[in-house]
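Please open the model in your viewer and keep the selection panel at hand. The stops below are meant to be followed in order, with a new selection at each one.

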Amino acid sequence: MAELTKELSQVKGEEPAVRGKDVRVHPNPEPTTGKRPLDAPTGTPTVIVDDLHIVYRVYGAATDAEKGNAVNALTRLLKRQGRPQMKEVHAVKGVSLVAYHGDAIGIVGRNGSGKSTLLRAIAGLLPPHAGAVYTDGQPSLLGVNAALMRELTGERNIVLGCYAMGMTPAEVREKYDEIVEFSGIDEFVQLPMSTYSSGMGARLRFAISSAKTHDVLLIDEALATGDREFRKRSEQRIRQIRESAGTVFLVAHDLKVIEETCNRVIWLHKGKMRMDGDPKEVISAYNKG
Amino acid sequence: MSQPESAVADAQAGGRSGQEPLAKLAERYGLRRSIARPRFPVYLRQLWERRHFILTYATSRNVSKYSSSALGQLWQVLTPLLNAAIYFLMFGLILGGSKNITNYPAFLLTGMFVFTYTQRTVTAGAKSISGNLSLIRALHFPRASLPLAYTIQELQQLAISMGVLLVIVVLTGELPNWFWLMIPLVLLMQTMFNIGAGLVIARMGASMRDLNQLLPFITRTWLYASGVFFSIQDKVVEAAHMPQWVADIMYLNPAASYIEWMRDILIASHNPEWGHNPPPIIWISCVFWAVFALSFGFWYFWRAEERYGRG
């Protein structure tokens with residue numbers, strides 16, 4: 001146990017330095033493009049996004065000046081103004097795209113350009129304000145964090161997370177040992193997740209969320225975390241998942257990962273699509289401005 | 001250029017130049033809207049397929065609720081016991097109870113425990129969607145799983161409070177009898193009502209943020225109107241000389257109906273005229289509310305299924 005803690009404290013120290021320098025999710029994109037039916041004219045569309053607009057409400061976004069003291073609230077009522085705490089954010093403004101079986105599509109853009117929102121809309125988790133998303137089967141977002149509870153043991157969280165992703169009890173039993181083994185948290189599985197170091201928590205979350213296979217897979221931000229050894233394993237796992245999935249969407253800030261992984265890149269800027277095409281072209285344009 | 005881009009360009013131009021629009025393309029390949037609301041029977045089946053998630057989620061919430069306290073799960077028994085002690089001190093001893101009610105402690109505690117179950121479910125249900133937006137925006141499942149899980153969580157708590165209640169009722173001198181076998185049936189009906197009420201309030205709470213602030217007042221009014229501390233018949237008809245139909249209408253309130261039936265079962269002197277059986281108005285009201293609330297609740301909640309992620 002002491003060893004593990006020591007190891008993990010090193011992990012946390014080295015994490016920021018390593019990131020962005022040497023993360024290779026996919027060492028060589030060429031062999032896979034050969035396998036993909038992408039260039040074949042018969043490639044069937046799996047995801048169609050038709051002039052999509054997403055508007056969502058944000059609460060508690062008031063500035064300090066207008067924040068909830070009673071006098072302000074009363075004047076607002078008298079002046080018949082709406083609540084300033086609620087703001088509508090027009091996150092995606094008219095995006096259209098067609099994704100085909102075998103596509104691995106990277107999405108780049110600045111913070112707040114609507115990348116995650118677009119993924120959630122494709123997954124069918126956010127309702128469109130206008131336009132529509134059509135999919136073949138149920139796309140799923142890789143990640144199970146929201147379903148887990150910090151106060152519970154790793155054991156219980158594995159079961160809970162698997163059920164949340166829609167597994168059957170038989171599947172959960174089948175995957176349980178694999179998840180524990182892959183996460184490498186050993187006897188910590190008996191302890192509440194709140195006692196885990198951040199690296200261990202990330203490893204367990206990754207192990208759970210990557211235990212399921214998907215037709216259309218949406219990956220939000222690079223999931224490979226933890227120490228060097230675990231990162232290597234998780235990159236390998238991501239590659240497997242990606243290969244077994246029909247279509248992959250990947251959001252990452254690490255352009256190198258996108259360039260190596262994807263056969264097509266979409267550049268979102270302030271909720272609109274600025275470019276859609278070959279990774280090299282789009283990324284060099286994105287880097288220029 | 002590879003094919004996807006040209007297809008997008010084609011389709012984008014489609015609306016203007018007469019080529020195939022994206023919606024048509026989707027139709028041709030049999031793609032479906034990713035956020036389409038399933039038909040109602042399909043929705044119920046999906047919900048059934050998620051039963052393990054619902055149960056595990058409810059149990060997990062119950063476990064994590066007390067996990068940081070020293071006494072842990074013991075609080076599941078201690079909380080209803082302490083509540084019982086406070087209600088009894090307050091209404092039984094300080095306010096002097098009620099002269100017309102022979103076994104006041106049993107009367108009060110039955111009312112309180114039964115009412116608390118509904119009240120807590122409704123309060124929890126109001127937050128079940130608005131408090132879980134991150135979960136709703138991350139994973140796919142029928143959203144009714146959440147209010148359902150919250151109801152089951154309260155049901156698990158109730159099972160323990162019921163045990164405490166039965167012990168106390170026996171200590172106050174009531175004798176166990178065959179009618180006790182009806183208790184699960186009454187609780188089943190109350191649970192059906194609670195699920196329905198939880199679903200309705202969950203949908204309302206998802207869009208009306210202020211509901212959480214308002215709910216305590218609503219449930220408190222409901223508490224006073226349900227005759228938890230007093231007998232509706234005594235206060236309304238005998239003391240206030242109002243016509244009998246006013247009392248009857250008050251008994252039709254679902255919380256009052258379930259409380260009355262439970263009192264009929266547990267307290268021999270509660271309604272000597274009918275023995276341990278409930279009068280027709282009570283059991284008709286209980287059955288009606290269970291069936292109506294459950295079916296309306298699922299239907300009403302399902303109608304907004306695709307919109308819960310917006311917040």
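The tour goes from a sheet in one chain to side-chain contacts in the other.

Bear in mind throughout that this is a predicted model. Begin in chain A by selecting the strands β5, β6, β7, β3, β8 and β9, which in that order make up an open sheet of six strands with mixed pairing. At its edges you will find β5 (140–142) and β9 (272–277) of chain A, and because each has a single partner strand, one side of each is left without a neighbour in the sheet. Neighbouring strands here are turned against each other by 20° on average, direction ignored.

Now narrow the selection to residues 104–108 and 264–269 of chain A, that is, strands β3 and β8, which run parallel and are joined by four bridges. Within this pairing, I107(A) has I266(A) in β8(A) as its bridge partner. Add helix α4 (residues 115–122) of chain A, which packs on the sheet by touching β3, β5, β6, β7 and β8 of chain A, its direction making about 155° with that of β6(A). Then add helix α10 (residues 279–288) of chain A, which touches β3, β8 and β9 of chain A and whose direction makes about 25° with that of β8(A). Before leaving this chain, display the side chains of D103(A), R264(A) and D276(A), which are linked in a network of salt bridges.

Move on to chain B and select Y104(B) and F107(B), an aromatic pair that is stacked, with 6.0 Å centre to centre and 25° between the planes. Both residues lie in helix α6 (residues 104–130) of chain B, three residues apart, and both are buried. Over the face of F107(B) lies R263(B), at 3.5 Å from the ring centre. R263(B) also meets E260(B) in a salt bridge (3.3 Å, N to O), and both of these residues are buried.

Staying with helix α6 of chain B, select R120(B) together with E154(B) in helix α8 (residues 145–171) of chain B, a pair that links distant parts of the chain, 34 residues apart. Their side chains meet in a salt bridge at 2.8 Å, N to O. Colouring by accessibility sets the two partners apart, since R120(B) counts as partly exposed at 29% relative accessibility, whereas E154(B) is buried at 7%.

For the last stop, select F193(B), Y258(B), F288(B), W289(B), F292(B), F296(B), W299(B) and Y300(B), which form one aromatic cluster.

Note on methods
Residues numbered from 1 in each chain as written. Chains lettered and ligands numbered in written order. Predicted model: local features only at pLDDT ≥ 70, side-chain atom pairs only at ≥ 80, totals over all residues. Heavy atoms only, no water. Phe/Tyr/Trp six-rings, centres within 6.5 Å; stacked < 30°, edge-to-face > 60°. Helix = DSSP H or I, 4+ residues; strand = E, 2+ residues; numbered from the N terminus. Buried < 20%, exposed > 50% of the residue type's maximum accessible area, 1.4 Å probe, protein only. Lys NZ or Arg CZ within 6 Å of the ring centre and 35° of its normal. Pairing = 2+ DSSP bridges. Axes fitted to C-alpha atoms, helices over the stretch in contact; angles between N-to-C directions. Contact = heavy atoms within 4.5 Å. Salt bridge = Lys/Arg side-chain N within 4 Å of Asp/Glu carboxyl O.
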